[in-house]
Every structure is written in structure tokens, then in C-alpha cells.
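User: I've got this protein open and I'd like to know where the labels people put on it come from. Can you walk me through the reasoning?

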Amino acid sequence: MKVIFLDIDGVLNEEKSRSRCCGYKGIDDKKVGNLASIVKTTGAEIVLVSTWKEYWQKTDKAHQGMMANYLDKKLKKQGLTVLDKTENLDRTSRQYLSRGEGILLFLSTHGVEKYVILDDYQFDYDGCGLTENYVKTDNENGGLTEELALQAISILKG
């Protein structure tokens with residue numbers, strides 16, 4: 001399985017985004033189109049690492065938040081769906097997981113062969129040994145651009 005670990009803010013939107021959801025900056029269709037090109041070219045699945053994942057439910061869609069419904073709707077317009085989200089808590093140790101640790105846990109439990117991380121902030125990716133698969137987007141200048149989508153495709157194709 002190939003996976004795109006997806007942040008939302010700074011990736012599918014940026015400071016200049018005009019779209020709005022719940023009084024907050026929304027998701028740009030062009031950036032979702034760039035994400036769709038990655039998925040269609042590589043067959044990768046989308047896994048949320050964004051704080052937006054707190055509102056998103058894998059199965060109980062009737063109880064997910066408005067922002068998650070908005071996200072699902074924007075992705076669906078491009079033929080995309082979210083497969084899953086990373087965990088915030090290690091169920092065995094009951095310890096809080098950093099963003100990078102959540103990705104490592106997902107990688108160790110889901111048989112991922114190749115992956116890319118799309119995020120505008122590096123968090124602890126370096127300390128977790130994830131930077132080779134990290135594509136840094138820019139919240140100030142375009143989010144997920146066509147050029148960055150091509151970089152992600154290159155990582156996923158290995």
C-alpha cells in the first residue's frame with residue numbers, strides 16, 4: 001500500500017485562500033486537484049495527520065464534525081476519499097504521540113510499502129527519520145503546487 005500522510009492547513013489551503021468553512025479558511029479546489037493527480041498517478045491512499053482529523057470519523061459519519069464533512073465533500077468532488085487517520089495516543093503505553101510518532105505507528109501496523117508526507121511544518125519528522133519522504137508545502141506561497149505534487153509522485157514511485 002502507498003500512503004499520503006496529509007496535513008490540510010498550508011497544503012490544501014494557504015493564507016490567500018478565499019474559500020471558507022465554519023469561519024475558517026477553507027480548502028482550494030486547485031490544490032485538491034494537485035492531490036488528485038498524486039493519487040491517480042500512484043494509487044496512493046490518503047491518511048490524515050492534520051488537526052482536522054479530530055473532526056473526521058472513519059465509519060461514524062453521522063457524528064463527525066462540520067469541518068470533516070466539508071473536507072469529505074471537497075475531496076469527493078475530485079474523486080478522493082480519506083482512508084484513515086493517524087493516532088494521537090499509543091493504545092499500549094497510553095502515551096501521547098507526536099505527529100511523527102503517529103506516522104511511525106501507522107507505518108508499523110498497516111503494511112505501507114511507500115509513503116509521502118505533505119505538510120507545511122516539519123514537526124518532529126527529522127527526529128523520527130521521516131524527512132526523506134517529506135514534501136514541505138508553503139502556507140504563504142501556494143500550498144500544494146503542481147511542482148510539489150510531482151515531487152510527491154517521485155517519492156511514491158521510488
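Analyst: Sure, we'll go from the overall fold to a few single residues. Keep in mind that this is a predicted model.

User: Start with the whole thing. What order do the elements come in from the N terminus?

Analyst: They run β-β-β-α-β-α-β-α-β-β-α. That's four helices and seven strands.

User: And why is the protein called as compact as a globular protein of its length?

Analyst: Its radius of gyration is 15 Å, and the globule rule gives 15 Å for 158 residues, so the two are close and the label follows. The C-alpha atoms fill a box of roughly 40 × 35 × 25 Å along the principal axes. Of the 158 residues, 49% count as buried. As for contacts between residues at least 6 apart in sequence, 65% of them join residues at least 24 apart.

User: What about the surface: how much of the accessible area belongs to carbon and sulfur atoms?

Analyst: Carbon and sulfur take 48% of about 8,200 Å². On the charge side, there are 22 positive and 24 negative charges, and their mean positions sit 7 Å apart.

User: Now strand E6. What makes it largely enclosed by the rest of the structure?

Analyst: Buried means under 20% relative accessible area. Five of the six residues in E6, which covers 114-119, are buried, so the strand is largely enclosed.

User: How do you know that E6 pairs with E1?

Analyst: Pairing takes at least two bridges between two strands. E1 (residues 2-6) and E6 have five, so they pair, and they run parallel. One of the matches is phenylalanine 5 with isoleucine 117 in E6.

User: Which way does E7 run against E6, parallel or antiparallel?

Analyst: Parallel, with three bridges joining E6 to E7 (residues 134-136). Here leucine 118 stands opposite valine 135 in E7.

User: Why is lysine 114 called partly exposed?

Analyst: Partly exposed lies between the 20% and 50% cut-offs. Lysine 114 has a relative accessible area of 27%, so it lands in that range. This residue lies in E6, and its C-alpha is 6.9 Å from that of methionine 1, though the two are 113 residues apart in sequence. Beyond its neighbours within four places in sequence, its contacts include Met1, Lys2 and Val3, as well as Ile155 and Gly158.

User: And what makes glycine 111 exposed?

Analyst: Exposed means over 50%, and glycine 111 comes in at 59% relative accessibility, so it qualifies. You'll find it in the loop between helix H3 (99-109) and E6. Glycine 111 is 101 residues from glycine 10 in sequence, and their C-alpha atoms are 28 Å apart.

User: What's notable about the phi of arginine 94?

Analyst: It's near 60°, a positive value in a residue other than glycine. Arginine 94 belongs to the loop between strand E5 (82-85) and H3. With a relative accessible area of 57%, it is over the 50% cut-off, so it counts as exposed.

User: Where is phenylalanine 123, and why is it called partly exposed?

Analyst: Phenylalanine 123 is in the loop between E6 and E7. Its relative accessibility is 41%, which falls between 20% and 50%, so partly exposed is the right label. Phenylalanine 123 also has a positive phi, about 45°, although it isn't a glycine.

How values were computed. Residues numbered from 1 in each chain as written. Predicted model: local features only at pLDDT ≥ 70, side-chain atom pairs only at ≥ 80, totals over all residues. Heavy atoms only, no water. Buried < 20%, exposed > 50% of the residue type's maximum accessible area, 1.4 Å probe, protein only. Helix = DSSP H or I, 4+ residues; strand = E, 2+ residues; numbered from the N terminus. Rg over C-alpha atoms; globule rule 2.2 N^0.38 Å. Contact = heavy atoms within 4.5 Å. Areas by Shrake-Rupley, 256 points an atom, 1.4 Å probe, with all protein chains shown as cover. Lys, Arg positive; Asp, Glu negative; His and termini not counted. Charge placed at Lys NZ, Arg CZ, Asp CG, Glu CD.
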